[in-house]
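Me: Hi! Could you walk me through this model before I set anything up?

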Amino acid sequence: GLRELALHDASFNRDTKEAEISVRFVGEITSVVRNAAGEIVEGSPTEIKRQRDIWTFGRRMGSSDPNWQLVATGD
């Protein structure tokens, strides 16, 4: 599940009116791959891994489109 959600960075270019915000997500996940018979062939249902990712969204401020677009992902 989601363990942490935080604003990582924010920027605004006055000339282009482009704004970007970066959000850091930290979550705990389990990963299992099963074959057609339902047997586990990869991963573990009990092993919890911590996943960290940063997503950056951007939009032109003042635009009639209110939606933020995903422009980058990374950690």
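Reply: Happy to; here is a short tour of the fold, the salt bridges and a surface patch.

Reply: This is a predicted model, where local features need pLDDT of at least 70, side-chain atom pairs count only at pLDDT 80 or more, and totals for chains, interfaces and linings use all residues. Residues are numbered from 1 along each chain as its sequence is written, and side-chain values use heavy atoms, with hydrogens and water left out.

Me: Cool. How many helices and strands does the protein have?

Reply: Zero helices and four strands, counting DSSP runs numbered from the N terminus (helices are H or I, at least four residues; strands are E, at least two). The order from the N terminus is β-β-β-β. The protein is more spread out than a compact globule, because its radius of gyration is 18 Å, well over the 11 Å that the globule rule gives for 75 residues. That radius is taken over C-alpha atoms, and the rule is 2.2 Å times the number of residues to the power 0.38.

Me: And what does the C-alpha trace span along its principal axes?

Reply: About 55 × 25 × 15 Å. Buried residues make up 15% of the 75 residues; buried means under 20% relative accessible area, exposed over 50%, and partly exposed in between (1.4 Å probe, protein chains only).

Me: Switching to charges: how many salt bridges are there?

Reply: The structure holds four, each a side-chain nitrogen of Lys or Arg within 4 Å of a carboxyl oxygen of Asp or Glu. One of them pairs glutamate 4 with arginine 24 at 2.5 Å, N to O. Glutamate 4 sits in strand β1 and arginine 24 in strand β2 (residues 18-34), 20 residues apart.

Me: Which residue does glutamate 18 bridge to?

Reply: Arginine 60, with the closest N and O atoms 3.0 Å apart. Glutamate 18 is in strand β2 and arginine 60 in strand β3 (residues 40-60), so this pair ties together parts 42 residues apart in sequence.

Me: What about glutamate 28?

Reply: Its side chain meets that of arginine 50 in a salt bridge (3.6 Å, N to O). Glutamate 28 belongs to strand β2 and arginine 50 to strand β3, 22 residues apart. Salt bridges that share partners join Arg3, Glu28 and Arg50 into one network.

Me: Last one: which residues make the nonpolar surface patch?

Reply: Phe12, Met61 and Trp68, with about 280 Å². Patch residues have over 30% relative accessible area and no salt bridge; like charges are joined within 9 Å, and nonpolar side chains (Val, Leu, Ile, Met, Phe, Trp, Tyr) within 5 Å. Accessible areas come from the Shrake-Rupley method with a 1.4 Å probe, and for residues only the protein chains shown count as cover. Phenylalanine 12 is partly exposed at 45% relative accessible area, and its place is in strand β1 (residues 2-13).
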